[in-house]
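This report walks through selected parts of one protein model. Please look over the sequence and the structure before reading on.

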Amino acid sequence: MEHRLAVSAASAAALFFSLFFLLLPSVTHSHNITQILEKFPEFSTFNHYLTVTQLAPEINHRETITVCAVDNAGMSDLLAKHLTLGAIKNVLSLHVLLDYFDAKKLHEITDGTALAATMFQATGSATGSAGFVNITDLKGGKVGFSPQGGDVAATFVKSVEGIPYNISVIQISSILPSIDAEAPAPAPTEMNITARMSAHGCKVFADTLIGNPAQQTFEDNLQSGITIFCPSDDAMKAFLPKFKNLTADGKQSLLEFHGIPVYQSLSGLKSSNGLTNTLATDGASKFDFTVQNDGTDVTIITKIVTAKIINTLVNEQPVAIYELNKVLMPIELFRSALPPAPAPAPEADAESPKPSRKHKSHPAPSDTADSPADAPDGDAADQTADSRNAATFTGPKIALSLTLGFIYLLQ
């Protein structure tokens, strides 16, 4: 009898601990280099150029890497060379090592030296082994960094932040010099964006753009970086009657609403979801939209319409052009197109039966201009919060029940 109770107790214990650990939340070790560096103002310039060169999303998609950050003073030395944006990207990619090095590992380098590949080497733009960095354990507890074949050009300053064996962000004393990385990247050829759009299914949008002041706005941003979202011919044809009813300023704003003043690759859009300003943004005139992933697709959401990227027409840094299945309609121009607010619930008549106390009716939403578009987000947030609360409450209840059952079996 005692043996049977012992077996039962052991079985209950095994069941309890198995379920207990299943109830523990799982942890995902993802990283965002922009958010990491935002906490350190001394790296704001370095962080800014990781973003404008599109290195940030590439870093976020990699694992087991080390970012050798340089403070604002060190970045000033680099910017004083007046390199092209492509060359700055190459130089900074030389500062992203494709291996994990924290302070402990740097001071325990086997044989006193290590050779690390960088993102510059991975691009294929480096000549020979110019994309490798030598790491050397120096006298006096210092650690030196140098481009392959060069002298020590920078030393380890401190660890900034890290997720063990995923990403390590360290500070080094200065920019690593590299003739190969600093070589001027080929300047983008003068691109005829309307011709490129016309040849790939966006002729109606391109024809609408020609002659409009928005065309000059687009062209003024070609060198510094631009991403254009052009509606397909079918979508634009269906929209033309609405477009013709807009004022001249409204037409310009709508066309500029389809561009953002920065180059974004498709992977960059997928990793930088959120509210985005456009070429039409002007102070109080927000003219912004939300970039949001939908499975493997990328959607552009305004308060009026949700459009989906259906094709990549151009992806030649610093210019990207994507085809949409719908025209983007900003609320600043089409507020009247918002769906009507639901009618308020009718007041109960004096002779109407009183509602049951168990089923209280909710008050109708307030009749504000933006509430129809905003309400679903609020409801979703409430539902998410409720589900989180439910999950938080259910876990301890199960664990408590199992504990009580376990104690009962041991008696």
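Which residues does Ser232 touch, not counting residues up to four places away in sequence?

## Ser232 and its surroundings

The model is a predicted one. In it, Ser232 touches Gly201, Cys202, Glu323, Leu324 and Asn325, with residues up to four places away in sequence not counted. The residue sits in the loop between β8 and α13, a helix that covers 233–244. Ser232 has a relative accessible area of 12% and is therefore buried, since buried means under 20%.

Two of these contacts, Glu323 and Leu324, belong to strand β14, which covers residues 319–324. Glu323 is also the bridge partner of Cys230, a residue of β8.

## The sheet

How many strands does the open sheet have, and in what order? There are seven, arranged as β9-β8-β14-β13-β12-β11-β10, and their pairing is mixed. The edge strands, each paired on one side only, are β9 (259–260) and β10 (274–276). Strands of a sheet pair through backbone hydrogen bonds, either parallel or antiparallel.

Strand β8 (residues 226–231) shows both kinds of pairing. With β14 the strand β8 runs parallel, and six bridges join the two. Among the bridge partners, Thr227 is matched with Ala320 in β14, and Cys230 with Glu323. With β9 the pairing of β8 is antiparallel and extends over two bridges. Here Ile228 stands opposite Gly259 of β9.

## The two sides of β8

In a regular strand the side chains alternate between the two faces of the sheet. In β8, Ile226, Ile228 and Cys230 point one way, while Thr227, Phe229 and Pro231 point the other way.

Are the residues of β8 buried or exposed? Six of the six are buried, so the strand is largely enclosed by the rest of the structure. This holds for the residues pointing either way from β8.

## Helices α12 and α14

Helix α12 spans residues 213–220 and helix α14 spans residues 248–256; they pack at an angle of about 30 degrees, and their axes lie 8 Å apart. Because angles under 35 degrees count as roughly parallel, α12 is roughly parallel to α14. The crossing of α12 past α14 is right-handed.

On the α12 side, the contact is made by Pro213, Ala214, Thr217 and Phe218; on the α14 side, it is made by Gln252, Leu255 and Glu256. Of the residues in this contact, four are nonpolar, two are polar and one is charged.

## Two residues with positive phi

Most residues other than glycine have a negative phi. Thr64 has a positive value, near 60 degrees, and is not a glycine. His82 is likewise not a glycine, and its phi is positive at about 55 degrees.

Where do these two residues lie? Thr64 is in the loop between α4 (55–60) and β1 (65–69). His82 is in the loop between α5 (72–79) and α6 (85–93).

Their accessibility can be set side by side. Thr64 has a relative accessibility of 33% and so counts as partly exposed. His82, at 70% relative accessibility, counts as exposed, because that class begins over 50%.

Technical notes
Residues numbered from 1 in each chain as written. Predicted model: local features only at pLDDT ≥ 70, side-chain atom pairs only at ≥ 80, totals over all residues. Heavy atoms only, no water. Axes fitted to C-alpha atoms, helices over the stretch in contact; angles between N-to-C directions. Helix = DSSP H or I, 4+ residues; strand = E, 2+ residues; numbered from the N terminus. Parallel < 35°, antiparallel > 145°, perpendicular 65-115°, else oblique. Left-handed = near helix turned anticlockwise from the far one by under 90°. Contact = heavy atoms within 4.5 Å. Nonpolar A, V, L, I, M, F, W, Y, C, P; charged D, E, K, R; others polar. Pairing = 2+ DSSP bridges. Buried < 20%, exposed > 50% of the residue type's maximum accessible area, 1.4 Å probe, protein only.
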